Structure formats: C-alpha cells, structure tokens
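Please work through the following exercises with the sequence and the coordinates at hand. Each task is followed by a solution in steps.

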Amino acid sequence: MPDRPVPAHSHVKDALSELLLRALESLRRAEAVDVATPDFVIERTRSREHGDFACNAALVLAPTLRQKPRDIAGEIVGALPESPLVHRVEVAGPGFINFFLTDRAWQDEIRRVLHEGANYGHCQIGRGRPVGVEFVSANPTGPLHVGHARNAVIGDTLARLHAATGWQVYREYYYNDAGAQINNLALSVQARIKGIEPEDPRWPADGYRGEYIRDIARDYASGAAVEAGHPHGDYNREHTRELARDDVGGAAPGTTGDRLPGKQDPDDLDAIRDFAVAWLRREQDEDLRTFGVEFDSYFLESSLYREGQVERVVERIAQQGHSYEDDGALWLRSTDFGDDKDRVMRKSDGAYTYFVPDVAYHLSKWERGYKRAMTVLGADHHGSLTRVRAGLQALEIGIPKDWPEYVLYQMVTVMKGGEEVKISKRAGSYVTLRDLIGMAGLDATRYFMVARKSDSQLVFDIDLARSQTNDNPVYYIQYAHARVCSVQRQMHERSLVFEQHEALKHLDRLDSAPARNVMVGISRFPEIVAAAAGNFEPHLLAQYLRELAGAFHVWYNAEQFLVDDEALRNARVALAYATRQVLANGLGMLGVSAPASM
C-alpha cells in the first residue's frame, strides 16, 4: 500500500470508509476506474478468520466496469493508503475486501469513549430534522395493560434512540376519546353511580366491569375534580404547528391541562362521559410517568370532530374523485391505492368508520410539520395501515406513499410460577401496567419489553425478572456496571489514583484475548445505536448490552485490575471505566437505571 498517512477519525468504520474513498479516487485519477463512487457497505465479519470488517465495493463496481470483482478488489487493495489501524487487507470469496485491524484501532475507541463520555454512541444522522413519534395512544376506557406497556417502551426507546442519532424528537399521544367504547364507559360509570352492579340485568350489555369504574363513579358523585394532561401542558396540535421553523422549541404554549369537577348529576351522561375520560387520562398519565414515559403533546380524537376536521377530509377526498356512494354509504376507492377492496368512510346512518378520523389525525400531523412520522401500533391493527395511507393518498396533497412509518408489535403473555397471569382485580380482565411494575420492577419491565424483536411474541417471565442470577439479563447488565463502580470504590479505599492521561499512553498493555473482546465489543456501540434507530429495532440495543456485559464479566473474572504495576493497572481501569460508560449510555437509551451497587 502507498505510504501515506490517514488522518484520525471518530470511529473505525469512518476510517475504513475514508481509506476506501481515497483508494477509489486514486484509481480514478489513474484512469483505472472511471465511474462514480459506488454505494458500498462496510460490515463486521461473522468470524475473525475473515478479518474484522468486510467491504463489497468491488462487487458493486463489477457490473459497471465489466470486470471480475476479485480483479477490481485487488486494484482497490493496492491503492489503499497506509493506516496504523489496519494490519493487513485480503481479497476473499467472490471479491470482498477484508480488513484485519491492529490493536491500535480498538485502543483508539477506548480513548474516544473516555473523551466523549455520555455522548459516546451519539451521531448526527438526523441533522436536527423533526420526527414525530406517536405511541401508546390507548383508549381512555381503562387502566393501561401489558400490551400498552410494550408499546410505551418501544416508542419511548425509539424516541430516545432517534434523539441520540441527531433527530429533533416530538413524542405524541393520541387519545381515542370518541366513539362507541367511550359511550360504553359513560354508561358503565352511570350505572355504578345509580348503584347498579355488573350482575344486575340492567348493567349495560357492553359495560366495563373493573373496580376502577366504581372509583370514577365515587369521585363524580362526590364532586371531586380531576386534572388531565401532562404537567407541562396538554398542547394538542398547537405544540407542533410551527415545526418547520427554526425556533421549534418556542412553539409550545404554557397550558396546564384540563381541570374538570364532577357534576354529581347521575342523569347527565355527557358530563359523566367527560369526567370519566378525564379521570382515566389522569390515571394513564400517572402510570406512564412512573414508567419513565412522558410526552410533548397530547391530541384528542374528539377535537377532530369538534373542529370539523373529519368532514374536511371526507370532502377533500370527494373533490379529488376518490369516493362514491353505494347503498346509502360513502366509500373510499382505496383499491386505487393498493388496498384489497374499497372501504366505507361514512355508513348509511351517517356515522364515520374508525379509520376516517385516523386519516384526519395524520393529516394534522403532516400539516404541523411532521415530514417524518412514526407510529407504534399493535399487530392486530395491521389492517388499518393500508386504509389510513390510502386515505392520505386520496387527499392528493403530496404526502409520500410510505408515510407515516409504522412499527408493529405483538402482544405480551405474563407468566408467574409457570402459569399465565390473566386477571387484575382492579381492571377486571387483564394485567395492568401498574400490576406488572409492582410484580417485576420498573427496570426489568422496561428491559424485558424490548428484549425481543417488536413483531415477535413476548413471554414475560415474572420469576426470571425478579431473580438475581446471571440468567436475568437486566441483573447481568446492571451487575457489570456495579462491578466497575466497586473497582472505583476499592481504589479510593486503597488510596490509588487513576491518571487517565497516563492510562491512555499504556492501552497497548491490554493484550489479552478477554480484554480485546471487551474493546471490540465497545467499538460496536455506535453502530448498534444507529442500526436500532434506523431499523426501528430497539431489541438490538438490549441484546448488545447483554453481550457486552458478558464479555466484561469474562474479563473481570480472568484478570486482576488493581495490580501493583501502575501502567497496567491504569490501562485496565481505563477499559473498565469505558465499559461502564457504554453500559450507562445504553441503559439510559432503554430508560433503565445503571446502579452503582447491587
């Protein structure tokens, strides 16, 4: 390789990419390559036998250059500049370029961790652009259940990951506070107010039977007041109206939510409905805040009807010629936009079908500046995705076909003592979020909810979540963090001083296989964060943290840290501190604590 130095880079993959770009530019000047720079990929190899990283640049170039990929790869390798990070480069298989890195590459990553601290793993992929993340969005008809818990953790973790990758994130909660289910809620509370029990024949046919209905009825009848909405404001659409402006942060008004007293009239169903919805909104908000989940804005479905937005959407679709009437109903020509059949928008009785207000809601997102928006949704709602997108396309206002983006998740089965837990006394028919936190703890609940891919079924084992063994991934990861904190306390007790500046000069002393595995594991963190955010796969981060903790525990058990050799001691402590920092950063993105002792 030509003897030319390569400037320092923030990450090893950046350095390799720069080497390849310079090699291609060198070949272009030599007229060996006369095409634009290809969109190549650099990936970690599955086995170190094939190097640390592999690149497909030659395979991408081959069709255009009409040469054998291995020949092209050989030319690229010959043009690569020298780098202290690269030990050797080989051409492998059909034409992959495999990089074998020096120990310096991994040592530099430890330097980067200790330099960047809490910012390690962050990047600017989003470049400050706004993204709306809508999640939970539960009907205010009862306490949040374990399915909502998974939705909440997935959405909140994705929001944290996108913030870490440079996006300006806005968290939004859409309250479905209109429709038949809300009416059933009001009738249920009214029945309780009048002393009617669920076993009574007069109980509403589709009424809610949980103990919380009794609590709402008691507060309404006593004239108690409830305040719904986030303490920082229930902004509805005003919060993000001016997202396109640079001063987004000043767009939210300083309102404080809705305060609503119980009217006490048992025959005023509208007042009962409003009170019950506000009461449950308050309860859901409290549970979510306990869960470490907060929102920038709330949006009420009822406001879409009140402000005429649903009618506006229907009229716009009709104006564009994408609707028709049949049998007294108004239909959307959704087959024009990829649906398997046309869908009813307005039934013969004048009521709108459930997806129409969803179209109006997403139109409001678009108009409020969410040029990128994602929604976390249960897999059982999959059918509504096509309908909502079809409705948005029928508006013909330039909304992309794949907007908004959806993250689908499967439901949760809670197990305890080898048996499924199905019933909550308070909710009546399901396990609530509050129940789950009480049984498993906050950290375990959050971690377990993203431990598997979102679209996979999740079995939540309470006994495992509560155990203090290596089989419990939360305990295993937090214990690794606590072990490093213990090392720091031991140094203080023994009056040993850690000199980071000196330690970084001796990272070459970290020459054992266990230490190297920890360094290599640490270097993966920025890639994991970017992939977990970009692919909507927060489980990648959860699994990575367990793997890094495992590598650390192996190293911790294999080598003494506080040895007499000062240079070696400082080097090992530096790696331990870097591990702690990465674990803390990753746990923070999951909303899980990083304890100093256990």
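The exercises below treat a predicted model, and they concern helices, a sheet, a loop residue and aromatic pairs.

**Exercise 1. Length and surroundings of H4**

Task: Determine whether the end-to-end distance of helix H4 (residues 103–116) agrees or disagrees with its number of residues.

Solution.
Step 1. The expected span is 1.5 Å times one less than the number of residues.
Step 2. H4 has 14 residues, so the helix should span 20 Å.
Step 3. The C-alpha atoms at the ends of H4 are 20 Å apart, which agrees with the expected span.
Step 4. As to burial, Ala105, Trp106, Gln107, Glu109, Ile110, Arg112, Val113 and Leu114 of H4 are buried.
Step 5. After H4 comes Gly117, which has a positive phi near 60 degrees.

**Exercise 2. Burial and packing of H18**

Task: State how many residues of H18 are buried, and describe the contact of H18 with H19.

Solution.
Step 1. Eight of the eleven residues of H18 are buried, and the helix is mostly covered.
Step 2. These residues are Ala515, Arg516, Val518, Met519, Val520, Gly521, Ile522 and Ser523.
Step 3. The elements against which they pack are strand E1 (42–44), strand E4 (96–101), H4, H19, helix H20 (539–558) and helix H21 (566–590).
Step 4. For H19, the geometry follows from the axes: those of H18 (residues 513–523) and H19 (residues 525–534) come within 4 Å and cross at roughly 35 degrees.
Step 5. On the H18 side the contact involves Gly521, Ile522 and Ser523, which meet Phe525, Pro526 and Glu527 of H19.
Step 6. By class, the residues of this contact comprise three nonpolar, two polar and one charged.

**Exercise 3. A three-stranded sheet**

Task: Give the strand order of the open sheet of three strands and identify its edge strands.

Solution.
Step 1. The order is E16-E15-E17, and the pairing is mixed.
Step 2. Strand E16 (419–420) and strand E17 (458–461) each pair on one side only, and they are the edge strands.
Step 3. E16 pairs with strand E15 (residues 412–416) in the antiparallel sense over two bridges.
Step 4. Lys416 has Glu419, in E16, as its bridge partner.

**Exercise 4. A loop residue**

Task: Is Asn176 buried or exposed?

Solution.
Step 1. Asn176 belongs to the loop between strand E6 (168–175) and helix H6 (180–193).
Step 2. The relative accessible area of Asn176 is 16%, and the cut-off for buried is under 20%.
Step 3. Asn176 is therefore buried.
Step 4. Beyond its neighbours within four places in sequence, Asn176 is in contact with Ser137, Ala138, Asn139, Pro140, Ile182, Glu301 and Asp358.

**Exercise 5. Aromatic pairs**

Task: Classify the pair of Tyr174 and Phe299 and the pair of Phe552 and Phe561.

Solution.
Step 1. The structure holds 24 aromatic pairs.
Step 2. Tyr174 and Phe299 lie 6.2 Å apart, centre to centre, with 50 degrees between the planes, and the pair is tilted.
Step 3. Since Tyr174 is in strand E6 and Phe299 in strand E9 (residues 297–300), this pair ties together parts that are 125 residues apart in sequence.
Step 4. Both partners are buried: the relative accessible area is 2% for Tyr174 and 0% for Phe299.
Step 5. Phe552 and Phe561 form an edge-to-face pair, at 6.3 Å centre to centre and 75 degrees between the planes.
Step 6. Phe552 is buried at a relative accessible area of 0%, and Phe561 is buried at 5%.
Step 7. Ring pairs also link Phe135, Tyr173, Tyr175, Phe295 and Tyr298 into a cluster.

Methods. Residues numbered from 1 in each chain as written. Predicted model: local features only at pLDDT ≥ 70, side-chain atom pairs only at ≥ 80, totals over all residues. Heavy atoms only, no water. Axes fitted to C-alpha atoms, helices over the stretch in contact; angles between N-to-C directions. Contact = heavy atoms within 4.5 Å. Nonpolar A, V, L, I, M, F, W, Y, C, P; charged D, E, K, R; others polar. Buried < 20%, exposed > 50% of the residue type's maximum accessible area, 1.4 Å probe, protein only. Pairing = 2+ DSSP bridges. Phe/Tyr/Trp six-rings, centres within 6.5 Å; stacked < 30°, edge-to-face > 60°.
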